[in-house]
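Trainee: Please go through this model with me slowly, and explain how each term is justified.

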Amino acid sequence: MRIKSLKLAGFKSFVEPADLKIESGLTGIVGPNGCGKSNLLEAIRWVMGENSAKSMRGGGMEDVIFAGTASRPPRDFAEVTIRAERDVGEPAAGFASNDDDPELEVTRRIERGAGSAYRANGRDVRAKDVALIFADAATGAHSPALVSQGRIGAIIAAKPQERRQMLEEAAGISGLHVRRKDAEQKLRAAENNLERLSNILADMD
Ligand code: ATP
């Protein structure tokens with residue numbers, strides 16, 4: 001998967017709508033301290049389904065909404081849209097209008113008091129669906145492809161179990177754990193139903 005553009009509005013210091021094109025090759029973001037370079041990386045992780053406010057450097061998820069300055073009032077919502085192109089053979093996960101359409105556009109919006117909502121290629125989707133499609137492409141919110149400040153130190157100090165998680169993210173198989181958990185839940189529900197059914201049948205005998 002290749003990220004092609006990032007659109008932000010009301011996200012952290014990006015109060016005005018900003019549309020950044022990410023061309024092929026190496027992209028560098030330069031600017032003075034505190035101008036918002038890390039906020040851009042956080043916007044990418046956030047739209048991919050990041051659900052830890054702490055890793056967004058906030059106390060609660062609404063802290064990603066522009067909080068206002070001495071001269072500008074705070075905003076009521078933040079929105080980030082990422083446009084990406086799927087690689088050949090990468091699963092469409094039901095978001096694309098057809099399997100041959102490589103375009104993927106995901107939007108996450110948060111409103112004060114109303115939480116987050118996601119859209120993928122124009123359809124309302126769950127946070128989990130978004131997290132899965134990026135995890136399958138080995139580029140999710142926790143992917144080692146996104147290296148935030150302090151991350152290198154954290155990797156060096158990581159426990160074996162945490163290193164394994166990083167390798168699984170990099171290999172694009174972390175979504176399989178989520179699917180396995182879902183399948184196990186469905187299996188348990190089906191087993192419960194079967195047990196109830198056999199009890200009812202036994203009562204009828
Ligand atoms: P450095 O080079 O020092 O690492 P940086 O360019 O990576 O800095 P960021 O850490 O991305 O900068 O941005 C920090 C700026 O974002 C601060 O000025 C902070 O006030 C602003 N900021 C963060 N959250 C919000 C918010 N919710 N509303 C308004 N501004 C915010």
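**From values to words**

Trainee: How do you know whether Ile65 is buried or exposed?

Mentor: Ile65 has 21 other C-beta atoms within 10 Å, and a residue is called buried if 20 or more other C-beta atoms, placed from the backbone, lie within 10 Å of its own (exposed if 12 or fewer, partly exposed in between). Ile65 is therefore buried. Keep in mind that this is a predicted model, in which local features need pLDDT of at least 70 and side-chain atom pairs count only at pLDDT 80 or more, while totals for chains, interfaces and linings use all residues. Residues are numbered from 1 along each chain as its sequence is written.

Trainee: Where is Ile65, and which residues is it in contact with, leaving aside neighbours within four places in sequence?

Mentor: Ile65 sits in the loop between helix 1 (37-47) and strand 3 (77-85), where helices (H or I, at least four residues) and strands (E, at least two) are DSSP runs numbered from the N terminus. Apart from neighbours within four places in sequence, Ile65 is in contact with Gly10, Arg75, Phe77, Ala78, Ile110 and Arg112, a contact being two C-beta atoms, placed from the backbone, within 7 Å.

Trainee: What makes Glu50 buried or exposed?

Mentor: Glu50 also lies in the loop between helix 1 and strand 3, and with 22 other C-beta atoms within 10 Å it is buried. Just after helix 1, before one reaches Glu50, Gly49 takes a positive phi of about 110 degrees.

Trainee: How do Pro32 and Gly36 come out on that scale?

Mentor: Pro32 has 7 C-beta neighbours inside 10 Å and therefore counts as exposed, whereas Gly36, with 17, counts as partly exposed. Pro32 is in the loop between strand 2 and helix 1, and Gly36 is found in that loop too. Leaving aside neighbours within four places in sequence, Gly36 is in contact with Lys12, Ser13 and Phe14.

Trainee: Which residues does UniProt list for "binding site"?

Mentor: The unreviewed UniProt entry lists Pro32, Asn33, Gly34, Cys35, Gly36, Lys37, Ser38 and Asn39 under that heading; such positions are given in the numbering used here, feature names are shortened, and annotations may be inferred rather than shown by experiment. In the model, 14 residues surround the ligand, and the closest are Asn33, Lys37, Ser38, Asn39 and Ala67; to be near a molecule or strand, a residue needs its C-beta atom, placed from the backbone, within 6 Å of it.

Trainee: How many bridges join strand 1 to strand 3, and what makes two strands a pair?

Mentor: Two strands pair if DSSP finds at least two bridges between them. Strand 1 (residues 2-9) and strand 3 run antiparallel and are joined by seven bridges, and Leu6 has Ile82 in strand 3 as its bridge partner. Strand 4 and strand 5 are also antiparallel, with six bridges, and there Thr107 is partnered by Arg119. Strand 5 and strand 6 pair in the antiparallel sense over three bridges, one partnership being that of Tyr118 with Val125 in strand 6.

Trainee: In what order do the strands lie, and which are the edge strands?

Mentor: The six strands make an open sheet in the order 2-1-3-4-5-6, with antiparallel pairing. Strand 2 (18-21) and strand 6 (123-125) are the edge strands, each pairing on one side only. From one strand to the next, the twist averages 20 degrees, where axes are lines fitted to C-alpha atoms (for helices over the stretch in contact) and angles run from 0 to 180 degrees between N-to-C directions.

Trainee: Which strands does helix 1 lie across, and which of its residues are buried?

Mentor: Helix 1 lies across strand 1, strand 3 and strand 4 (103-111), at about 80 degrees to strand 3. Helix 2 (residues 127-136) packs on the sheet as well, touching strand 4, strand 5 (115-120) and strand 6, with its direction at about 55 degrees to that of strand 5. The buried residues of helix 1 are Leu40, Glu42, Ala43, Ile44, Arg45, Trp46 and Val47, and they pack against strand 1, strand 3 and strand 4.

Trainee: How many helices and strands does the protein have, and what percentage of its residues are buried?

Mentor: The protein has five helices and six strands, and buried residues make up 24% of its 205 residues.
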